[in-house]
Every structure is written in C-alpha cells, then in structure tokens.
There are 2 protein chains.
Amino acid sequence: MPAIADVARLAGVSKATASRALSGRGYVAAETRRRVQAAAAQIGFIASPDAASLVTGRTKNVGVVIPFVNRWFFGEVLEGIERALLAAGYDLTLYNLAPVGPERDRVFDFFLARKRVDAVVAVGVDLTDREVAVIARREKPIIALGGTAPGAPRLAIDDHAAAALATEHLLRLGHTRIAHLAGAGAGAAARSVQGQRRAGFLQTMSEAGLAPRGGVESVVVESEMSLPGGYSAALQLLGHPGDRPTALFAASDEVAFGAMRAAERLGIPMPSDLSIIGIDGHEYAELFGLTTIEQYPGEQGRLAVEAVLHLLGEGDEADPLPASGAPLATRLVVRSSTTAAPR
Amino acid sequence: MPAIADVARLAGVSKATASRALSGRGYVAAETRRRVQAAAAQIGFIASPDAASLVTGRTKNVGVVIPFVNRWFFGEVLEGIERALLAAGYDLTLYNLAPVGPERDRVFDFFLARKRVDAVVAVGVDLTDREVAVIARREKPIIALGGTAPGAPRLAIDDHAAAALATEHLLRLGHTRIAHLAGAGAGAAARSVQGQRRAGFLQTMSEAGLAPRGGVESVVVESEMSLPGGYSAALQLLGHPGDRPTALFAASDEVAFGAMRAAERLGIPMPSDLSIIGIDGHEYAELFGLTTIEQYPGEQGRLAVEAVLHLLGEGDEADPLPASGAPLATRLVVRSSTTAAPR
DNA sequence: TGGTCAGCCGGAACCGGTTCCAGACTCCAC
DNA sequence: GTGGAGTCTGGAACCGGTTCCGGCTGACCA
C-alpha cells in the first residue's frame, strides 16, 4: 500500500508538502500541487483515515444508534441519514440497540466511549443521563431524532399535536366512540413518542367532552408498534360487539394495518362501521387507503445529519442550527379508511 | 482524554508493559497486570482504536454493503449481522448502496478503498470484477450473502431449488395455470436471485409438461420486489378474467402480499379461485396466512459474520469455513393461501 | 560453578499521516 | 537599501498505541 511518503518521493517534495497539497490546507504552489496530485494518482495513493484522525482528532465517522432497522420509520430514517452522510464524505457506524438490555450498556461503555465517531445520532431512543454523559465526556455532539437525550438538541415532530390532529379528524367526522391503539409503554413513559401520542389523544377527547367512562383502559389499548401488535390489540378491542368503538386511532401506520387486518377477520365492514387513522405516512398507506398523519423520516434523517455537520463545524459556521426547536413537518392525508360515523 | 502513557505512569510501568498488560499479549506478571488494570480503570482509560489499527493494520470494523435496509429480508440480515459483530467486539460500517448509480462507484473507489474496514460483507448485490478487485487489492476478505462476488465465498439459499419447491407445491395441488411474479431484472440477469427463481420456476413447469404457450411473457411478469410492485404486477396479470391463472408464485413474500391485495381489490376469492405462494418467511406471512418458502435472514447474517471472522483469523483457525458451499436452509410452510386447484 | 532458558520489563522504533516552526525567497512600500 | 508582509518549502515533532529487541533476574540442570 502506497503511503504519503511514497507520493512525496515520487513528486520530489517533502511529506509535509505532499500532505498540504493533497488536503488543500496551507500554502502550496499551484504547480507543486499538480505534481503531487499526479504522483498520488499514478501510484493509487489513498490516505489512511486512521492516521489522519489520530492527529486531527476527527474521524469523519458518525455513530447512529437505532432500536430497529426493520420498522418502516426507522428504516427510512436510516436510509436518509446514510445518504446524507455519504454525500458529506462521512462514514456511518451502526449500533442497532435493543431498547433495553445488557447490550445497551456495552454499546455505550465500550463502543461509543472510544474515539471512533465524531458525533452520535440517536434515533427513537430515550437516552439516560448517564448515557449522554458518557458521550459528552468525549466532547462529541449528540443529536436526538424522535427520542430524547437530556441536554442534547432534539429533532422531532410534535407527537402530541399530531395525535390531536388525528383525533380531531375523527371527531369532525362525527365519531364519539374512539379508541386509541397506543404504543407499548405509552402509559409509563410520558415523554416518549408513544406517551405523547397517547396524551394528545386523551387531551383532545377530554376537551371534546368525551372523557372516558370506566377509566382510560376502556379506550386505550397498548400494542407493540408493529403490524402483529396492532392486530392482536385490535382483536382484543373489537372482540366485544356490544360497545365497539366506531373509530380507531392507531399510534403508527403499521399498527393501523394490523387493526385493519383484525377488523377484516372479524367481519367488520370498513370504513362504514369502523374508521381507522394512523401516523407515519407509510409506504403502503396509499395502497391500503389508510388515512394518516404523514411524517417524512427520510427527510428527518437528512436534517439530523445537517445538524450534526453543523455542530462539527462543517459548512458555514454562521448558519443557525438548522430546524432547531421547531417541530418537524407533518400533514394529514385523508384516504378511504376514515368516513363519517354511522348513525 | 487519558492515554496509555498516563496509565503507565500511574501504575509505575512503561508504556510497553501497560500495553501488554491491557491487551493480554506477551509476558506480564500477574501482579503488574492487576496494577495496570486498576490504574486504567481509575482514570477511565479507553484505548483509541485508531492508534492501534495504525500499527496492527486491523480496524475491528467490517463494512456492510446492502442495497436496501427497508425491505424485510435486508433489514433482518442487517440486524443479524449487527448483533453478531457487536458480540465479537466489531463495529459495523454501513454502506447503503443503490443497485446502480454514481454513488456506487464512490463507495467502492473512495470509502471501501481506504483502510477503514477489515472485511466486507456484500448483501444482495452482484459485484463486478472491478469492484471485487478494489477490495482484494487491499487484501481484505469479501463475503457475498445472497448476491454474487466473483471469486469470493458466497452464502445463499439455492434460489433455483426454492423456486422449484414452490412451483411443485402448486403443481401437487393440481394447478396447471400458474404464473410467476418475478423480481425486476429476472430475465436479464440470469445469475441473480430473481433470475434463479425465475429459472427454477420455468424449468419445473416445463418438466411438468407445462411449457408456456404464447411465450414466457404470458406467465412471467416482472415486478419490483416490493408490496406495491407485486400489487401493480398482479393487477396487470389478473386483469383479464378469461385466461386468469389459478395460482401465483411470487418471487418474494412482499410481492405476494401485493398480489393478495390486488386479488382482493379485483374481487377474486382466495384461495378458492387463486392460490398464492411466496418466498421469504416474512414476519407477516403467518398473519396473512401466506404459504411460503421460509428462509432465515437473521441467521444468514450471523453465518456471514462467522465466515468473516474466520477469514480474519478470529476463533479457531482449524475450523473449516462455516457453511461454505452448502446452500443455506429453507423450508416450505403451508398456510391458507394455497389450496387445491378449482375444477 | 557455570550455562541455559523462561519470565518479565523498558527503551526505542514504528505505523501514516498533520502541523508547528524556521528558513528562504519574492515583492512592494518607504 | 531596509523592513515587512506574503508565499512556499522542508525538518522534526507529534498523535497513541504496538512490537522488536535487548537486558535483567532467578530457577533449573549438568
């Protein structure tokens, strides 16, 4: 493997000049630069990022911690992040993190504590103070996308508002018996995505004078944030023909798909007897006619990278942190899965 | 950030001894090792992998190139790979690669040509000779999972046999008018996954004396390997009530789901008038009652990592390359989407 | 008693870049 | 002519580890 010393020798200059010529930092005569570049190309020299990062402290590599790659939302985010990082010449090191477990500690205490990444993007995880501290001690910026990281910049949609919007859509259609398929843990973790969506739903219902009789349990069922999760939760919820809701607000489109499947199996005609709305704007939503609150995870990933690069001092220092503070975009898209309440 | 020199000073030994004590290579007295480890723990020393890899040439990092992360198969593979690498103390650098495009050259010529990864796992891509050469020149092993890489070890199911198995299942049920929803490009790239499945289907049909009248086009329709892809391909295929097939072999479960959706929309009763079989063993297959040829992508990812680690000389050198040569496991799982042909 | 050798440790070189610093040279202003 | 700023270059230090090599010790054996 050719090293920079070989390039320097071939071009008849010192290592220092060769380095300057190739990196573009410092004074180098145009003609010298040309000669060095030609020499590098001739022997196929490619700089070792390890050697460079050893002295500069920059690795040109960002870590992404993400709980799933196979849920639609997370997959899209990951693709968006990857595309943006690649374009900026950065590598992406993936840490696929089960929400809780021994591996999680290992990732933070071993993998992320080393100096292998310049920054961390945490997608859909709620980081503990300790975890944030591990990374902050290394003076590496963190960006939270979706989840939360105490003290770190956060990019997210307004989940509370999105849930309110979905609920209002059903209310406007005349529904009064509306149930919510909440993400698992929504009741426990108030600040989580699931918790916010649940809270947005409950508040909107109660503002409409539709506070649940018989407790919250009667209209909120928790489900895994997946299609099978939605399926079994919906089966449970719709199993009793007597007091069946006329509309369902699912915490994600995948949950909504599961609910649609369950309703189908139970022989409940849709949307005449049951309206369903989700959140996400899933790739399949159009095909299944699902009304949903769209969000744009690929774009969100891109924005997260933009923010990270900004914190790393790439690009124009003067620019403000992009999209800081303001919640990310959402949009209500009405399709055939929701209709006026039956009389 | 504490360096190893700080640890050495605190423990009252030389850098060399500190390094030996912490890495476990070479002679170090038990008592000395204990002292060094205590010193390291006390000041929170964590070795910089960059510095180590600079001299050892090993990065403890493997690159994964993968065309999608958001198709079920690929997501599962990625999770399997990540889990296994993490357990072995390796990092995973992700290169999400559009099947073709300028980014692809950039990944190979810039990112992978550097010395940042010890090995490459190529999932579901067909690498060109040139691309393999770029990596081989750096003496880094490549493992192909699913796709192909000329000259590199390959892990894959026998796609031809899997397709034959699926087709035979339909034949045994008495179907004679069977169509195949092939993956895009199946006709062009014979060695690709889609091509092999298509070939397995055609050969089995022809061996059963069911060579297509009116050309292959009459019974093979190409579709994107996704749910919407299967949907539109199936709409096209099932649109003419006259000569409609009684059974469909879809190149993947996601395609099959799309076809099921299309049949539903067209009002074709399933499975009485239309049997559908897929390939994959998708997470949702059970819920939708889809008969399929299961494969185990998570496990496949694990096996790929095992092979990579073997090539890198980790673990027992003596062991043979795991699962080399033999095709990976598949299994026919019969559910409600396939039934006897209507008379 | 002397020699061999395993165990243990430290000095120094080294990996492959980047950057500091000093020196040389040019150009221009005073 | 002198001074200074600006441009260009090379030597050497440096980043943070690993490893080679040689020296020292003590046990064991002839």
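Q: What radius of gyration does chain A have, next to a compact globule of 343 residues?
A: This is a predicted model, and in it chain A comes out at 26 Å, while a compact globule of 343 residues would sit near 20 Å.

Q: OK, and what does the C-alpha trace span along its principal axes?
A: For chain A that's about 90 × 40 × 35 Å.

Q: How much of chain A is buried?
A: Buried residues account for 50% of the 343 residues.

Q: And what share of the contacts join residues at least 24 apart?
A: In chain A it's 68%, counting contacts between residues at least 6 apart in sequence.

Q: How many helices and strands are we talking about in chain A?
A: Twelve helices and eleven strands.

Q: Switching to the pair of chains: how many residues does each one put into the contact?
A: Chain B brings 33 residues and chain A brings 33 residues.

Q: Which elements of chain B supply at least two residues each on the side that touches chain A?
A: Those are H4, helix H5 (72-87), strand S2 (91-96), helix H6 (102-111) and helix H10 (227-238) of chain B. H5(B) gives the most, with seven residues.

Q: How does that side split into nonpolar, polar and charged?
A: On the side of chain B that touches chain A, you get 17 nonpolar, six polar and ten charged residues.

Q: What rotation superposes chain B on chain A?
A: One of 180 degrees, with 0.0 Å of shift along its axis and an RMSD of 0.0 Å. That's the relation of a two-fold axis.

Q: Which residue of chain B comes closest to the rotation axis?
A: B:Thr93, whose C-alpha is 2.2 Å from the axis.

Q: Why say the copies meet through the same surface?
A: Because 100% of the interface residues of chain B are also interface residues in chain A.

Q: Now the DNA. How many residues surround strand C, and which are the closest?
A: There are 28 residues around DNA strand C, and the closest are A:Ile4, A:Ala16, A:Ser19, B:Ala16 and B:Thr17.

Q: Which helices supply at least two residues each there?
A: Helix H2 (15-23) and helix H4 (49-56) of chain A do, along with helix H2 (15-23) and helix H4 (49-56) of chain B.

Q: Where does the largest share come from?
A: From H2(A), which puts six residues into the surface near DNA strand C.

Q: And what's that surface made of, by class?
A: Near DNA strand C there are 17 nonpolar, seven polar and four charged residues.

Methods. Residues numbered from 1 in each chain as written. Chains lettered and ligands numbered in written order. Predicted model: local features only at pLDDT ≥ 70, side-chain atom pairs only at ≥ 80, totals over all residues. Near = placed C-beta within 6 Å. Helix = DSSP H or I, 4+ residues; strand = E, 2+ residues; numbered from the N terminus. Nonpolar A, V, L, I, M, F, W, Y, C, P; charged D, E, K, R; others polar. Rg over C-alpha atoms; globule rule 2.2 N^0.38 Å. Buried ≥ 20, exposed ≤ 12 C-beta atoms within 10 Å, placed from the backbone. Contact = placed C-beta atoms within 7 Å. Least-squares fit on C-alpha atoms with pLDDT ≥ 70 in both.
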